[in-house]
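Let us walk through this model step by step. Start with the overall view, then move to a single strand.

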Amino acid sequence: MKTAVITGPKDNDFTIKVGNVNGTGSASANTLLMKVLFRMGIPVVAKNYFPSNIQGFPTWYEIRASENGYMARSGRIDVMLAMNAETYQKDLACVAPGGYLIYDSTWPRHNVLNRQDITILGVPLSQLCNDNFASSRARILMKNIAYVGVMAALLDLDMEVVRELLNQSFASKAQLLDANQLAIDLGYQYAKENFECPLPFKATAIGKTDDHIIIDGNTAAGLGCVFAGATLGAWYPITPSTSIMDAFRAFCDEYRKDPVTGLSNSCVIQAEDELSAIGMVLGASWNGARAFTSTSGPGISLMNEFLGYGYFAEIPAVLIDVQRCGPSTGMPTRVQQSDILSCAYASHGDTRHVLLFPANPAECFTMSVQAFDLAEQLQTPIIVVTDLDIGMNDWMCPDLQWDDNYQPDRGKVLGADELEKMESFHRYLDTDGDGIAYRTLPGTHAKGAYFTRGSGHNMYGAYTEDSDEYKEIVDRLLTKWETAKGFVPRPELHGTDKSGIGILSIGSCHDAVLEARDRLAEGGISLNYLRVRAFPFNSEVQEFLDAHDRIYVVEQNRDAQLRGLLLLETKVEQDKLVPVLHYDGLPLYARFITDAVRTDLSRGQAA
Amino acid sequence: MTYMRRPSVVHPGLPHNDLGLSARDYEGGISTLCAGCGHDSVTSALVQTLFELNIPPHRVAKLSGIGCSSKTPAYFASASHGFNSVHGRMPSVATGANSVNRDLHYIGVSGDGDSLSIGFGQLCHAIRRNVNMLYVIDNNGVYGLTKGQFSASADVGTTAKKGEVNIQPPIDACLTALTMGCTFVARSFSGDKQQLVPLLKAGLTHKGFALIDIVSPCVTFNDHLGSTKSYDFTRQHYHPTIHTDFIPPAEEITVSSEDGDTISVELHDGSRVVLKKTDEQYDPTDRNSAYAYLQKHTAAQEVVTGLLFIDEAKPDMHETHMVVEQPLIDIDFDTLCPRRSALEKIQNRFR
């Protein structure tokens with residue numbers, strides 16, 4: 001076995017981390033820095049580590065430039081912009097050997113806080129801003145922009161691009177444009193005059209971001225709901241899902257509002273809680289609309305009862321669950337994939353729910369559209385299980401695609417004409433043998449009327465406490481579950497190696513897994529990789545499990561929930577599945593996986 | 001079984017409404033509630049209401065939660081879609097349903113447990129949003145299906161069948177509704193169909209949230225001496241404070257408008273409710289005075305009934321949310337979807 005290749009920073013391949021205090025307006029500066037790289041054609045991703053707090057807590061922003069387009073967290077900091085005195089010690093410690101730390105040298109820095117293996121550069125940012133800006137607010141804000149100027153000099157950023165972005169941001173605010181340009185120049189000049197610029201690693205324009213966008217998953221999901229034709233969004237605010245409904249509402253205002261009357265052909269209702277939000281979605285879907293809610297783990301817990309109702313009474317619904325760190329309130333602004341089991345079997349009784357697992361913002365867009373089709377085809381709640389990393393971070397994605405020929409699949413719905421011709425209508429009769437019965441919408445025709453209930457019912461829709469009639473219904477729901485396996489998105493297979501070793505993963509682990517796979521291959525370890533994209537698992541998942549002797553199941557929770565689901569729902573032997581679990585609340589990175597795989601394989605060789 | 005189909009025998013002499021339908025066309029399955037249950041009287045008043053208002057049955061949506069009262073939508077209008085939801089959550093289902101199809105007539109049937117305990121929050125928020133629906137509370141002060149525990153509407157000191165005395169103070173549905181900004185608040189008694197039917201008609205026609213709290217005795221668990229929700233107690237303490245007449249749009253008003261105690265309110269479709277006061281102090285268009293009056297008389301153990309408050313002017317949910325007049329479910333997909341050209345434009349903001 002070859003030894004692992006440890007890669008350091010190089011041109012277009014480095015990570016910058018900015019430590020700030022939240023509420024000081026650093027977001028626009030950090031976004032600017034990231035966008036400059038993107039516009040220079042360098043693939044880039046940003047990870048924002050923010051507190052569950054409004055003002056005064058530490059916050060970090062990581063920008064990874066990756067020529068190969070890896071969108072996972074790098075797990076290595078090459079340049080640390082330490083703007084928060086409170087976290088200075090921690091920020092100093094996180095810099096990779098050989099890296100750089102930049103701090104505000106306006107105030108003296110304690111001698112103890114030093115490292116010999118990195119380069120520390122002091123820039124009097126506060127002093128520069130105090131000398132050049134009058135208001136205290138401007139001094140705070142412009143300090144952030146000034147460090148972008150410092151980075152521009154150190155990384156040799158294209159100043160034309162910086163200017164172009166500033167011009168766009170402040171097109172209608174000339175005064176702000178001047179102030180920002182001045183702040184950039186202050187930082188840039190200081191760095192040029194005092195440091196050796198550029199650093200040994202820098203940014204060079206490479207044109208690898210054409211036909212790509214920078215977008216977060218929540219915006220993409222909200223956009224998907226607009227394109228899918230959703231007319232009701234009902235929700236209760238919860239981090240990290242809130243920006244889905246913000247996006248949905250904003251796009252609806254733009255594309256669905258009559259400019260004269262101000263009236264919209266969609267409706268967003270902020271509910272009193274998640275129980276009500278899902279109730280509204282079920283009511284609207286029962287009535288024939290495409291309706292959805294966005295939430296996170298605690299919301300899923302509250303929605304359980306209605307999810308069981310939707311499953312049993314067979315009502316379409318779309319939920320987007322942006323997972324955060326649990327249990328209980330947990331860490332609301334940190335990521336995990338720990339709702340897998342609670343979503344799969346939400347609610348009491350024998351219930352199962354169809355889940356979709358996007359891996360990036362682009363899939364948030366496509367899968368939110370798919371979710372509405374599946375919900376109506378299968379007449380059941382569909383949960384798009386995404387997470388905070390995908391939902392709230394800015395990812396580089398290929399352009400979103402839309403086919404104007406797309407028409408929504410409304411599933412088996414009988415119209416007035418069909419009902420008129422029928423002798424009688426029975427809601428839960430499986431006439432096609434696929435476990436999916438025909439439904440009717442209120443207001444269509446008197447013959448289509450039925451009584452929707454969560455209590456025991458028979459195939460005719462009538463109340464029952466008869467064992468055989470009850471079993472007929474719940475067994476048919478299993479038939480429908482089998483049908484669903486053919487409808488849900490297929491898993492994505494990478495590699496056709498015969499080594500018998502595989503990786504199986506899910507959602508936002510994807511980019512870290514791809515990168516880990518490349519690193520392992522460089523070290524002579526070839527792994528096939530299957531990314532599960534939906535639950536129920538279809539036959540291809542079983543085939544992958546059968547074809548490999550040892551499978552690393554990579555996921556972001558403590559209890560190996562995906563692995564547990566595979567053990568419950570496939571015929572895989574338990575010992576084959578090796579859990580690789582990352583659950584500290586920060587996004588997964590490739591080295592975590594490569595280390596786990598190498599350790600496990602060397603253990604196997606020793607034995 | 002709590003659902004049985006009614007035999008489809010129709011007497012040729014039955015009267016028909018403007019749609020050519022008889023009252024039989026508005027009936028549902030045979031009730032499986034206890035013989036003498038007040039809820040069955042409410043059900044039959046609803047049948048009469050729909051029949052007399054000439055509403056096509058398939059244009060009605062019936063919704064309920066869980067409990068004896070919530071079973072009753074199965075016992076009327078079997079040609080209407082029904083949604084028997086989960087406990088206390090019918091208001092949210094009705095809100096969602098209404099938000100996407102404003103053209104149906106929404107009837108919610110709930111109980112005191114469903115509305116005033118487990119579903120209290122949802123009730124308050126549906127009122128707050130002024131969802132256009134008729135919301136009936138069959139109020140009997142007890143949980144029937146779990147065999148007679150007190151509900152949140154039971155008065156302090158009222159006794160259960162086996163002698164237990166209620167110690168927790170009650171929540172008054174009408175006082176709550178008035179506080180939450182409800183635009184139509186009424187109280188009635190299941191034993192007074194004369195009063196109930198015009199109230200139901202007015203409530204269903206009212207544009208906004210119409211709450212009718214109906215004292216509807218539970219013959220099995222709460223109809224004994226010592227109960228304040230029994231038939232006897234209700235009859236003895238019954239105060240029809242406001243007599244309500246419902247006048248459809250085309251009909252002439254026959255009551256004298258010169259009478260100082262009569263108030264006529266026009267509903268959005270041109271029909272009218274004519275309110276005759278038995279107490280001249282009372283003003284059913286003044287929320288504060290309605291509240292004070294109701295509180296005073298409730299404290300004196302009087303069951304004040306009639307249309308207690310009405311406000312036709314307050315915007316409903318569709319108006320406050322600025323939604324188009326056309327039901328959202330009728331808007332075609334090509335109008336809703338911004339299409340590829342728009343997506344390209346949107347994406348340029350993300351470069």
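The paragraphs below take chain B as a whole and then one strand of chain A.

This is a predicted model: local features need pLDDT of at least 70, side-chain atom pairs count only at pLDDT 80 or more, and totals for chains, interfaces and linings use all residues. Residues are numbered from 1 along each chain as its sequence is written, while chains are lettered from A and ligands numbered from 1 in the order in which they are written.

Chain B has 12 helices and 13 strands. These are DSSP runs, numbered from the N terminus: helices are H or I with at least four residues, strands are E with at least two. The radius of gyration of chain B, taken over C-alpha atoms, is 21 Å; the globule rule (2.2 Å times the number of residues to the power 0.38) gives 20 Å for 351 residues, so chain B is as compact as a globular protein of that length. Its C-alpha trace spans about 75 × 55 × 50 Å along the principal axes.

Now turn to chain A. Strand β19(A) covers residues 501-506, and six of its six residues are buried. Buried means 20 or more other C-beta atoms within 10 Å of the residue's own, with C-beta atoms placed from the backbone. Both faces are covered: A:I501, A:I503 and A:S505 lie on one side, A:G502, A:L504 and A:I506 on the other.

What does β19(A) pair with? Strands pair if DSSP finds at least two bridges between them. Five bridges join β19(A) to β22(A), residues 550-555, in parallel. There, A:G502 has A:I551 as its bridge partner. Five bridges also join β19(A) to β20(A), residues 528-532, again in parallel. Here A:I503 stands opposite A:Y529.

Conventions:
A residue is buried if 20 or more other C-beta atoms lie within 10 Å of its own, exposed if 12 or fewer, and partly exposed in between; C-beta atoms are placed from the backbone.
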